[in-house]
Amino acid sequence: TSVLVVAVGATALWLWHDVEVSTAGGTVFRDEMAVPPLAASRVDRDGTRVFDLRMRQGTTEFRPGRPTPTWGFNGAHLGPTLRAARGEKVRVEVSNTLPEASSVHWHGMRLPAEMDGGPHQTVRAGGRWSPHWTVEQPAATLWYHPHLHGSTEKHVQRGLAGMFLLDDEESGRLPLPKRYGVDDLPVIVQDVRFDGDRFDHAHRRFQGVGFLGNRVMVNGTLDPYREVADERVRLRLLNASTARTYDFGFPDDRAFDQIATDGGLLERPVEQRRIRLSPGERAEIVVRMVPGERTVLRSFPLRDGYAGALERRFGGGHDSFDILQLRAARTLRPSPALPDRLTAPELPDAADSVKERHFDLALTGINDKPMDMDRIDEVVTRGTTETWTVRNDNGMPHNFHVHDVQFRVLDVDGRTPPPALRGRKDTVLIPSGSRMRLVLRFDGTADEDTPYMFHCHLLSHEDRGMMGQFVVVEPGGTARAPEAGDHGG
Ligand code: C2O
Ligand code: CU
């Protein structure tokens, strides 16, 4: 009998461990938050900064002694932080050692369509791809992830995601926390679920928004803490989850400063108590620490405008999670006060808009058309500004992401956007029942053969076809059928 008791006890403990739900408040912060390493780079003869990214399989111990199969760039899980400056030429030597095809998309980057890493820039198993471009946009927190049509959710969930930081002269001069990994921390937030030692991705099937995890990790660390020794700490928040929207804040409801949106610095720091980020969105915040304190970055249940009855049913917004515990040293290094003014954000002007387009979001496709790799949905002219109205009457939360540009949110349901939406954006949450007007300027490169994507960034929605294609052509140009770029060995 004693053997049986031990066996039953061990099973119970095992089950208990795996069904443990990470609700806010009771979290034990056991592990120090990992910080993705800065990617090594070299500068070749023509002055191009070159990075190597190898997509590979591996295993990761999220819990001691319990290895989980994962995918990563260079390492076993996630990827290094790439970093480049405005004006720099960059090239990334991508190699795919995974057992299947994938791609690498530079989310938020303005670059030629052929370099974008979308569904047409496939990198075969065993293949290589060397995209190159010149960084022509302001300092920002961007990221990279696979974008193969139909497999994006799976590839991101297995661990393929990383940050891509851009700097410029102005950001270098401003007195902001900027010591990477010290007072300037990447915070890649993803929800996960375990089935024994493996990731469990099955929960996506019966939920409208897609996969929802019951644990949250930051930079691949479950229930993390981070020791900080500076008075002000900058957190670069990235929602790299597949479906979940977070409403970040602190249990004591303290104010913090938001300094940047998806595509760069805001005009001035904006005092916030909550920051809502849907999948793909970023925000940079600066938190003021009290010596010796322990405080927790938490995600709160979403209220107003999001958590309608249907959204509660479909999930994705009503849970609360402890994200990251910050442990302040007893004595903190003083940080300079935040400047009153940060930058003049480069935003398109609605007065320049020469064309309007409308996008209706639904699970069955955008404007009722499921994604078709061979169909070009929109043709825009290089150098022009347009107004896009995006509407969600679908009874389910969606968001909207556009490649190649950083847009201005003109209005939200006819009203002036809140301060957090007044900066450069490439992804916005469009709750059910709402409508946003966006102003976009297409001043990158033209290529009539190769489309860029616009899509819902809830990854199962994207995979199921909530995506469309646009090409940017020279004035008077027309679109041609997309050419598949299959990058082999
Ligand atoms: Cu982050 Cu088209 O994606
Ligand atoms: Cu969606």
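User: How far apart are the end C-alpha atoms of residues 354–473, and what is the helix and strand content of the span?

Analyst: This is a predicted model. In it, the end C-alpha atoms of residues 354–473 lie 15 Å apart. The span is 5% helix and 44% strand.

User: Where does UniProt place the feature "domain: Plastocyanin-like"?

Analyst: The record, an unreviewed entry, puts it at residues 57–170 and 354–473. Residues 57–170 are 7% helix and 44% strand. Their end C-alpha atoms are 39 Å apart.

User: What is the strand order in the sheet that holds β28?

Analyst: First the general idea. Strands of a sheet pair through backbone hydrogen bonds, in parallel or antiparallel fashion. Now the case here. The order is β28-β35-β34-β30-β32, an open sheet of 5 strands with mixed pairing.

User: Which strands stand at the edges?

Analyst: β28 (378–381) and β32 (427–430). Each has a single partner strand, so one side of each is left without a neighbour in the sheet. On average, neighbouring strands of this sheet are turned by 25° against each other, direction ignored.

User: In what sense do β34 and β35 pair?

Analyst: Antiparallel, over 4 bridges. β34 covers residues 452–455 and β35 covers residues 467–473. For a register check, find Met 453: it stands opposite Gln 469 in β35.

User: Which domains does the domain assignment give?

Analyst: Domain 1 (33–169), domain 2 (184–333) and domain 3 (350–487). The C-alpha centres of domain 1 and domain 2 lie 22 Å apart. Their contact takes 27 residues from domain 1 and 30 residues from domain 2.

User: Which elements supply at least two residues each on the domain 1 side?

Analyst: Three strands and a helix: β3 (49–63), β4 (66–73), β11 (140–145) and α2 (152–157). By class, the residues on the side of domain 1 that touches domain 2 are 15 nonpolar, 8 polar and 4 charged.

User: How is the size of such an interface often given?

Analyst: Often as the accessible area lost when the parts come together. Here the description is by residue: 27 from domain 1 and 30 from domain 2.

User: What are the mean pLDDT and the model scores?

Analyst: The mean pLDDT of the protein is 91. Of its residues, 90% reach 70 or more. The scores are ipTM 0.99 and pTM 0.92.

User: Over which residues does pLDDT stay under 50?

Analyst: Residues 9–22. For this stretch the model has 9 contacts beyond four places in sequence.

Conventions:
Residues numbered from 1 in each chain as written. Chains lettered and ligands numbered in written order. Predicted model: local features only at pLDDT ≥ 70, side-chain atom pairs only at ≥ 80, totals over all residues. pLDDT = per-residue confidence, 0-100. Contact = placed C-beta atoms within 7 Å. UniProt positions renumbered as here; feature names shortened; annotations may be inferred. Pairing = 2+ DSSP bridges. Axes fitted to C-alpha atoms, helices over the stretch in contact; angles between N-to-C directions. Domains from an automatic or database assignment. Nonpolar A, V, L, I, M, F, W, Y, C, P; charged D, E, K, R; others polar.
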